[in-house]
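This report looks at two residues in their helices, then at a further helix, the internal cavities and the nonpolar cores.

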Amino acid sequence: MPRPSGPARLSLLYAVVFTEIGIAMPFMPLWLDALGLDAAVIGVLLALPIATRIAATAPLMSLLDRGLGPRRMILAGSLALSLTYALMPGAAGIGWPLLALLIVLNAVAGSPLVPCIDYLTLAAVRQDNRLAYSRIRMAGSIAFLLANLAGGFLLSALGGRLAVPLLLTGLALGAALVAWRSQAMTGLKQAEDGTGRPKLPRKLWLCIGAAASIQASHGAIYGFGSIYWTSQGIPAAWVGSLWAVGVLSEIVLLAVMPALPAAWRRPVRLLSLGAAAAILRAVGMFLIGDRLAALVPLQALHGLTFGATQLGAMAAVSAYAPDGARGRAQGTLSAVNASISVVATLVSGLAYRAGGPLAFLLMAPLAGVGLGLALASRGATSETDRQP
C-alpha cells in the first residue's frame with residue numbers, strides 16, 4: 001500500500017487552496033463590478049457558485065467511496081478551476097451569460113477541493129495518531145489571512161482587469177502541481193459494487209446539523225458586519241483589523257487544540273462550545289456591536305464560533321462515518337452547511353434592511369438550534385459510534 005501524503009504536503013495543499021479562496025472571496029466581486037455589470041447581474045453571478053456547491057459537492061465526494069482517488073479529484077478539480085479562471089476575461093468580453101456558465105463550471109470544479117483535503121487529512125490522522133488535524137488545517141487559516149492582507153496590495157501592483165482571474169489561475173495551477181507531486185491516499189474501505197451503501201448514523205446526522213446551523217449563524221456578520229461597523233463611524237482600517245482578529249483567534253485555537261485534554265476534543269464538546277460562543281457573539285453584536293472596544297473580544301470569539309465548530313464537525317466525521325461512506329459524509333457536511341448558510345444570509349439581508357443590527361440577534365436562535373442538536377447527539381447511539 002502506498003504511503004499516505006505527509007502532513008507537510010497536506011499543509012501545503014491547504015495553504016494554496018485557501019490562498020485562492022482568500023483572494024477570490026473579497027476580490028472577485030470587485031472584479032465583476034469593474035466589468036461594469038449591473039448590480040442585479042452581479043448578485044446573480046455571486047449566488048451561482050453557492051447554489052452550484054450545494055448541488056455538486058455531495059455527489060462528487062461520493063465518488064471517493066466508489067474508488068476515485070482524492071488526489072486525482074484535487075488534481076482534476078484544480079486544473080479545471082485554472083482553466084475556467086483563465087477563460088473568464090474573454091467570456092466577460094463576449095457577454096455575462098457566457099461568464100455565468102464559466103462561473104458554474106468553476107464552482108463545480110472547486111466544490112470538492114477543501115472536502116477532499118479534509119478527507120485526506122482525517123485519513124492520515126486515523127493512520128498515525130501522532131498527527132493532529134488542527135495543526136495541519138492551520139496552514140489554510142494562515143494562508144487565508146495572509147491572502148486577505150496582501151491581496152489588495154498585490155492586485156493594485158498588478159493592475160488591470162486581468163489581475164484577479166490571472167492570479168487565481170496561477171494559484172489553481174499551484175494546487176494542481178502540489179496534488180500531482182503528492183502520493184495517493186489508499187487503504188480506505190469502499191462500498192462493494194456500488195451497492196449496499198452504508199448509512200450515515202443518526203449521531204453523525206445530528207452533528208452535521210449542529211455544525212451547519214452554527215456555521216450558518218455567521219451569515220449576518222459575514223454579510224453585514226463591515227457595512228454596519230462603517231455606518232457607525234468605525235474607520236475602514238479598523239474594519240480590516242477586526243476581521244484579522246477573528247482569523248488570528250481561529251489560528252490560535254487550531255495551534256493549541258492538540259494540547260487540550262481528550263475530553264475537550266470530542267465532537268459534542270467542541271460543537272457545544274462553538275454554539276455557545278455563537279449565541280454570545282450574536283447577542284453582543286446586537287447590543288454593543290457599534291463600539292470598537294467591544295468588537296475586539298466579540299471578533300475573538302470567531303476562534304470558537306468557526307474554529308471549534310469546524311474541529312467538532314471533522315471529529316464527528318472521523319469518529320462516526322462508516323468505512324465506505326466517508327467521502328459521502330464529508331460532501332454531505334459541506335452541502336448541508338452551504339444550504340443553511342444561504343437561507344441564513346437571505347434572512348439576514350431582509351432583517352438588516354428592516355432593523356439594522358436586529359439581523360445579528362436573529363442568528364442567536366440558529367446557533368441555539370445547533371447547540372440543541374449537538375447535545376442531542378450525545379445520547380444518540382449507533383453501531384459505528386466511537387470516540388476519536
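Helices are here DSSP runs of at least four residues, labelled H or I, and they are numbered from the N terminus. The model described is a predicted one.

**Two buried helix residues**

Under this naming, Thr121 has its place in helix H5, which covers residues 113-127, while Ser62 belongs to helix H2, which covers residues 39-62. Buried means under 20% relative accessible area. Thr121, at 0% relative accessibility, therefore counts as buried, and Ser62, with a relative accessible area of 11%, is buried as well. The table sets out the contacts of each residue, leaving aside neighbours within four places in sequence.

| Residue | Helix | Relative accessible area | Contacts beyond four places in sequence |
|---|---|---|---|
| Thr121 | H5 (residues 113-127) | 0% | Leu10, Tyr14, Tyr133 and Ile136 |
| Ser62 | H2 (residues 39-62) | 11% | Arg197, Gly327 and Arg328 |

Thr121 can also be placed relative to Leu131, which lies 10 residues away along the chain and whose C-alpha atom is separated from that of Thr121 by 9.1 Å.

**Helix H14**

Helix H14 runs over residues 326-355, and because each residue is taken to add 1.5 Å, its 30 residues should span 44 Å; the C-alpha atoms at its ends are 42 Å apart, which agrees with that expectation. After H14 comes Gly356, which has a positive phi, near 55 degrees.

**Cavities**

Rolling a probe the size of a water molecule over the atoms shows where empty space is left. The structure holds four cavities of 30 Å³ or more, and the largest cavity has a volume of about 100 Å³. Helix H9 (219-231) and helix H11 (267-288) are the elements that give two or more residues to the lining of this largest cavity, and H11 gives the most, with four residues. The lining includes Ser217, His218, Ile221, Arg281, Met285, Thr305 and Phe360; by class, it has seven nonpolar, three polar and one charged residues.

**Nonpolar cores**

In soluble globular proteins, nonpolar side chains tend to be buried together. The largest nonpolar core in this model has 81 residues, of which Trp31, Ile74, Met88, Leu99, Leu168 and Leu204 touch the most other members. Helix H1 (residues 7-34) supplies the largest share of this core, 13 residues. Another core, of 22 residues, lies apart from it and has Ile221, Leu242, Leu295 and Ala364 among its members. Ile221 thus appears both in this core and in the lining of the largest cavity.

Terms used
Residues are numbered from 1 along each chain as its sequence is written. This is a predicted model: local features need pLDDT of at least 70, side-chain atom pairs count only at pLDDT 80 or more; totals for chains, interfaces and linings use all residues. Side-chain values use heavy atoms; hydrogens and water are left out. Buried means under 20% relative accessible area, exposed over 50%, partly exposed in between (1.4 Å probe, protein chains only). Contact means heavy atoms within 4.5 Å. The expected span of a helix is 1.5 Å times one less than its number of residues. On a 1 Å grid over the protein atoms alone, a cavity is a set of points where a 1.4 Å probe fits but cannot get out, and a pocket is an open set with protein on both sides within 12 Å along at least five of seven lines; lining residues have an atom within 4 Å of a point. Grid points are joined across faces, edges and corners, and a volume is the space filled by probe spheres set on the points. Ala, Val, Leu, Ile, Met, Phe, Trp, Tyr, Cys and Pro count as nonpolar, Asp, Glu, Lys and Arg as charged, and the others, Gly among them, as polar. A nonpolar core is a set of buried Ala, Val, Leu, Ile, Met, Phe, Trp, Tyr and Cys residues joined through side-chain atoms within 4.5 Å.
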